[in-house]
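Here is a short report on one protein chain. It looks at model confidence, at empty space and at helix packing.

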Amino acid sequence: MSINNMDGTLVANKQQHLLKFWKDLSAKEQELFSSQLKTIDFEEALGAYQKAQSYSHEGIKKLDDHMKPVPSHKFEAELEISEETLEGYRNEGLKQISQGRVAVILLAGGQGTRLGVTYPKGMFPLDLPSGKTLFQIQAERIRRIQKIAEEKFGQFGKICWFIMTSSATHESTERYLEKHEYFGLDREDVHLFQQGVLPCFTFDGKIILDEKYSVALAPDGNGGIYKALRKNNMLDFMKRKGIKYVHVYSVDNILVKVADPCFIGYCVKKKADCGAKVIRKEHPNEALGVVCDVNGKFQVVEYSEITEKTAGLRDDDGLLVFRAGSICNHFFTTEFLDKAANSYEASLRPHIAKKKIPYIDERGCKVTPTSPNGIKIEKFIFDVFEFSENFVSWEVPRHVEFSPLKNCENSRVDCPSTCRNDLYRLHKEYVEQAGGIVSCEELEISPLLSYAGENLEGKVRGRVFNERTIILSDEENGLNGFHQSI
């Protein structure tokens, strides 16, 4: 694309201001800027902006009169079913894992901005006794559940780990995993792919310059997964590998059960094409969207889309009627993902996020705003629920499966210390159930030893843990740097 053609494209899309400083640029800067502009589909970007604005101008619609809770035949709670039923689901999930039919997709495109760091959340130092990060913990949970499935069915099935990064996290994530040799996973089973980006806009529809020679870009949201899977040929790869079921989760949940066999088995037995793992909302105003039925289609309704009265409705047992809190933890068949990528993605609603976006002003000076000055456009992964032909949801106990890392320590909510403490509490429970005695505040169990509290009795029964401890698997014993290891 020559500068004249580029200028024509920008004029046609009313974005000619992007070349305001072209003559001030060095030859190298012009080359960089030209290369970036060639990658932007301006018609698509402006279309997304206009569509998002049209939804925004409608205002937030209150959905109270259109909502129903997920019906009982499409909902089950782990704590409310028999152990026999739960074991049936678990065995079904393990069987599918042992046959190599299960993959996981990690959503890891976000930077740790709210954490106060400039690198991916998965690399954040959590100050656990083991020194492990979220990436390592999740990789080792994959290794452990593969082994459990093999022990159960005598067949070793690999779980491919697909990691959706962004332009901001891809290289650092790749280098980190390579440096640590993928934490024991086979390199051929780890696949990184980048989600797309969209330009950032001013409130009146002008694309923002981040530098004189660079447009401000932002990831297109976790709903960009469908387009990214198609563009990077990940779905074709899954088909060739015989993968039929996919577990998708967010990187920031320290308690996530990666490739959870109970959730997978439940969805498989129910013949679901799409499923959502949920937790019970603690109170009506908790900032969690709820999974529900809206006019016969399933979706996640944000707390801002219903009135306080509806949010506070309770059933005969005193539980919130709309309590199925969404935690970005999903099941899909690869067949459904293929449809989502090739048929449904274009219909997904783009959402507006008002942000403080650094920009180049009319004088060519870089400005860091103190209040929102523009918008980022993103899609949400759960917006495909409405297209599901057999949607189900699965409720799990919060203290076992959900503790997100979102904020810096000063917030005291969803921060490093809350994540660590939630992990310690759960692991203390596991050890005590296995016959150990825990009197210390910081006890961690290696994922390579135990996925969900199993395989501990031989290590802990009759033992007292009274100082900061990491309980290791046999293959890890002998490692240095721990206060106490068993």
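The sections below take confidence, then the cavity, then a pocket, then the contacts of one helix.

## Confidence

This is a predicted model. The chain has a mean pLDDT of 94. Of its residues, 97% reach 70 or more.

One stretch needs care. Over residues 479-483, pLDDT falls below 50. Beyond near neighbours in sequence, that stretch makes 6 contacts in the model. Where pLDDT is low, predicted coordinates should not be read in detail.

## The cavity

How many cavities of 30 Å³ or more are there? The count is 1. The volume of the largest cavity is about 170 Å³.

Its lining is made up of 17 residues. Those nearest the centre are Arg141, His427, Tyr430, Ser450 and Tyr451. Three elements each give two or more residues to this lining: helix H5 (134-153), helix H13 (416-433) and strand E22 (443-445). H13 supplies the largest share, with 4 residues. By class, the cavity lining has 11 nonpolar, 3 polar and 3 charged residues.

## The second largest pocket

The second largest pocket has a volume of about 710 Å³. It is lined by 27 residues. Glu44, Gly196, Val197, Leu198 and Lys227 lie nearest its centre.

Which elements give two or more residues to this lining? They are helix H3 (42-57), strand E6 (197-199) and helix H7 (225-231). The largest share comes from H3, at 5 residues. The pocket lining divides into 11 nonpolar, 8 polar and 8 charged residues.

## Helix H4 against H5

Helix H4 covers residues 83-98. H4 packs against H5 with the two axes 8 Å apart. The angle between them is about 100 degrees. Angles of 65 to 115 degrees count as roughly perpendicular, so H4 is roughly perpendicular to H5.

On the H4 side, the contact uses Glu87, Asn91, Leu94, Lys95, Ile97 and Ser98. H5 brings Ile145, Gln146, Ile148, Ala149, Lys152 and Phe153. By class, this contact has 6 nonpolar, 3 polar and 3 charged residues. H5 also appears above, among the elements lining the largest cavity.

## Helix H4 against H9

H4 also meets helix H9, residues 261-269. Here the axes come within 7 Å. They cross at roughly 95 degrees. That makes H4 roughly perpendicular to H9.

H4 contributes Leu86, Gly88, Tyr89, Arg90, Glu92, Gly93, Leu94, Gln96 and Ile97. From H9 come Pro261, Cys262, Ile264, Gly265, Tyr266, Val268 and Lys269. The contact counts 9 nonpolar, 4 polar and 3 charged residues. Leu94 and Ile97 of H4 take part in the contact with H5 and in the contact with H9.

How values were computed. Residues are numbered from 1 along each chain as its sequence is written. This is a predicted model: local features need pLDDT of at least 70, side-chain atom pairs count only at pLDDT 80 or more; totals for chains, interfaces and linings use all residues. Side-chain values use heavy atoms; hydrogens and water are left out. On a 1 Å grid over the protein atoms alone, a cavity is a set of points where a 1.4 Å probe fits but cannot get out, and a pocket is an open set with protein on both sides within 12 Å along at least five of seven lines; lining residues have an atom within 4 Å of a point. Grid points are joined across faces, edges and corners, and a volume is the space filled by probe spheres set on the points. Ala, Val, Leu, Ile, Met, Phe, Trp, Tyr, Cys and Pro count as nonpolar, Asp, Glu, Lys and Arg as charged, and the others, Gly among them, as polar. Axes are lines fitted to C-alpha atoms, for helices over the stretch in contact, and angles run from 0 to 180 degrees between N-to-C directions. Angles under 35 degrees count as roughly parallel, over 145 as roughly antiparallel, 65 to 115 as roughly perpendicular and the rest as oblique. Contact means heavy atoms within 4.5 Å. pLDDT is the predictor's confidence in each residue, from 0 to 100.
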